[in-house]
Amino acid sequence: MVAVKFIVMTYIKELGKHVGAEVELRGWNAQKRDSKGLVFMTFRDGTGFCQAVFDINNIGEETFDRIKRLPQESSLWLKGTVKSDERQIGGFEIAVSATGVIAEADEYPITPKEHGVDFLMDNRHLWLRSRRQWAIMRVRNRIIFAIHEFFQQRGFVQMDAPIFTGNACEGTSTLFETDYYGEPAYLSQSGQLYGEAMAMAQGLIYTFGPTFRAEKSKTRRHLSEFWMIEPEMAFYDLKMDMDLIEDFIRFVVGTVLESCKEELKALERNTSYLEKVKEPFIRMKYEDAVSVIKGEKEVNGRTSLQMLQEEEDGLRAEVAALQKDIADREQKIAGGELRKGEVNFNRAKIDQLKNDIKDLQEKLDNIPQWLNSAKNFERGNDFGGSDETVLTKMFGQPVMVYNWPQAVKAFYMKEDETDKGYAKGVDLLAPEGYGEVVGGGERETDIDRLKHKIVEHELPMSAFEWYLDLRRFGNIPHSGFGLGLERLVAWICGLQHIRETIPFPRSYGRLLP
Ligand code: 4AD
Ligand code: MG
């Protein structure tokens with residue numbers, strides 16, 4: 001009988017189970033370089049990245065030449081032996097014994113060199129293949145799964161709220177209007193009001209759906225289409241709502257830290273602030289938060305103004321140190337005594353240092369603006385991005401701000417009977433400048449006050465009659481909140497901009513691809 005050698009068809013993610021064995025993989029050429037009879041390829045198959053080594057002595061001259069000339073992002077299969085190698089991307093290397101091209105790619109527009117953001121956004125359908133984007137989408141997927149796990153384990157019922165709606169929920173300024181059989185309809189700004197109705201039927205519910213807001217400006221925190229998770233809980237007051245927010249964020253962030261180590265490493269995410277979710281969150285009333293922002297109240301022995309000054313001094317010192325390093329290296333090069341390799345090394349290092357200075361400079365440029373808006377913040381106003389940044393910088397961990405002036409919050413928020421003029425709303429602010437990721441609170445139960453608010457907010461009463469029925473039939477205290485999925489992805493992944501958190505972002509001025 002002839003001995004049959006079985007080859008395992010597998011995925012990069014599974015390579016750890018096959019060290020020393022021969023496997024077959026199918027995927028794409030992400031990047032490669034060659035040297036004297038060897039091609040080193042960063043090979044990807046969707047589940048991960050690894051290094052594939054093609055040796056002319058193992059695959060023959062003809063195949064070797066084809067691989068050597070193979071354009072980036074061509075698809076191919078390969079067979080080879082798995083080696084564990086910590087230094088290589090993904091931790092594994094394949095010594096290829098046989099290979100074949102599936103489809104040769106045209107010249108790929110996204111090369112390993114740096115590209116501008118607009119170019120990358122225009123090529124989003126291809127950009128998704130790069131390692132960073134790959135890692136972000138995997139983290140997003142894990143977050144979504146963790147959100148369902150959290151609520152399902154606690155007996156919450158998932159519900160789908162409608163996307164075409166006849167009423168506003170979060171104010172009329174951000175509505176997208178569509179034509180609904182000749183009548184105006186709006187794309188959903190929030191599923192909350194429908195969630196409230198369902199909570200009266202099921203007790204504990206959550207929605208998980210697309211949300212639309214016409215944000216007519218480009219910011220790093222706003223999308224026109226984003227995904228919101230909105231739990232609604234019968235018989236919950238504001239305190240119980242805040243406890244749930246805290247448990248929820250702790251669970252989701254903790255799960256990602258545990259399950260997405262490789263992805264967070266690929267993103268070079270410093271996870272120290274994320275680890276802080278294990279500690280109790282800071283909770284403070286709006287009025288106290290304002291005092292902290294304005295520098296009237298100290299936290300750990302310093303005011304916000306002192307904190308910003310210290311941050312500025314620290315950044316300036318860092319810049320000075322880098323500048324000195326550059327000057328020293330330039331002097332060495334000018335001395336003419338370095339070998340060619342050393343000169344190149346120092347030149348590359350200087351370029352890197354200059355980039356680091358640019359990053360620090362950007363941070364420095366923000367400080368005067370933060371300082372200004374902190375000093376001049378007017379009590380009673382809603383927080384802007386810089387106010388949230390200053391506040392969270394004071395603590396370096398998530399902060400829940402509650403009891404907001406009624407005027408800056410939505411019509412459905414319950415007034416605090418013991419704190420007149422304030423609404424029992426809460427915002428969860430993430431550290432590191434990410435700001436509001438959750439908004440929620442206790443709902444108004446007094447039907448007359450609700451009607452009054454609907455009029456005050458210039459909303460059409462007729463569109464809210466069904467909502468008022470929830471107060472007419474078995475009225476109860478209840479609360480809920482909304483988490484912006486993309487804001488959470490941005491924070492967990494440490495991204496500068498929300499556009500990278502969703503496969504195909506929709507924002508002001510962009511509808512393609
Ligand atoms: O604070 P918001 O407007 O609250 C609501 O919609 C309530 N109905 C939620 C509730 O109590 N059920 O929005 C909730 C969250 C924000 O904290 C933010 O994370 C996110 O949704 N969000 C956006 N994310 C991306 N782009 C935008 N344009 C966003 N607007 C809000
Ligand atoms: Mg909000």
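Is asparagine 300 buried or exposed? Asparagine 300 is exposed, with a relative accessible area of 75%; we come back to this residue in the fourth view. First, a word on the model: it is predicted, so to speak of local features takes a pLDDT of at least 70, side-chain atom pairs count only at pLDDT 80 or more, and totals for chains, interfaces and linings use all residues. Residues are numbered from 1 along each chain as its sequence is written, chains are lettered from A and ligands numbered from 1 in the order in which they are written, and side-chain values use heavy atoms, with hydrogens and water left out.

**View 1. Polar contacts of ligand 1.**
Here we zoom in on some nitrogen atoms of the ligand. A nitrogen atom of ligand 1 has a polar side-chain atom of glutamine 192 at 2.7 Å, and glutamate 230 also places a polar side-chain atom 2.7 Å from a nitrogen atom of ligand 1. With leucine 223 the partner is a polar backbone atom, 3.0 Å from a nitrogen atom of the ligand. (A polar contact is a pair of N or O atoms within 3.5 Å; within protein, one must be able to donate a hydrogen and the other to accept it, and residues adjacent in sequence count only if both atoms are side-chain atoms.) On its own, ligand 1 exposes 630 Å², and the protein buries 93% of that. (Such areas come from the Shrake-Rupley method with a 1.4 Å probe; for residues, only the protein chains shown count as cover.)

**View 2. The shell around ligand 1.**
Step back a little and you can count 23 residues around ligand 1, with Glu170, Gln192, Arg213, Glu230 and Glu436 the closest. (To be near, a residue needs a heavy atom within 4 Å.) By type, the shell splits into eight nonpolar, seven polar and eight charged residues. Strand S16 gives the most, with five residues. (Strands, at least two residues of E, and helices, at least four of H or I, are DSSP runs numbered from the N terminus.)

**View 3. Asparagine 403 and its two aspartates.**
Look for asparagine 403 in strand S14 (residues 399-405). Asparagine 403 is buried, with a relative accessible area of 3%. (Buried means under 20%, exposed over 50%, and partly exposed in between, using a 1.4 Å probe and protein chains only.) Its side chain makes a polar contact of 2.9 Å with the side chain of aspartate 416 and another, at 3.0 Å, with the side chain of aspartate 419.

**View 4. Two loop residues with positive phi.**
Neither is a glycine, yet asparagine 300 has a positive phi of about 50 degrees, and tyrosine 181 has a positive phi of about 50 degrees too. You'll find asparagine 300 in the loop between helix H10 (286-294) and helix H11 (304-335). Tyrosine 181 belongs to the loop between strand S9 (177-180) and strand S10 (183-187), and counts as exposed at 76% relative accessibility.

**View 5. Threonine 10 in its loop.**
Threonine 10 is in the loop between strand S1 (8-9) and strand S2 (22-35). With a relative accessible area of 8%, threonine 10 is buried. Valine 23 is 13 residues away along the chain, but the C-alpha atoms of threonine 10 and valine 23 are separated by 6.6 Å.

**View 6. A cis peptide bond.**
Leucine 512 and proline 513 are joined by a cis peptide bond, with omega about -10 degrees. Proline 513 has its place in the segment after helix H16 (485-493).

Terms used
Ala, Val, Leu, Ile, Met, Phe, Trp, Tyr, Cys and Pro count as nonpolar, Asp, Glu, Lys and Arg as charged, and the others, Gly among them, as polar.
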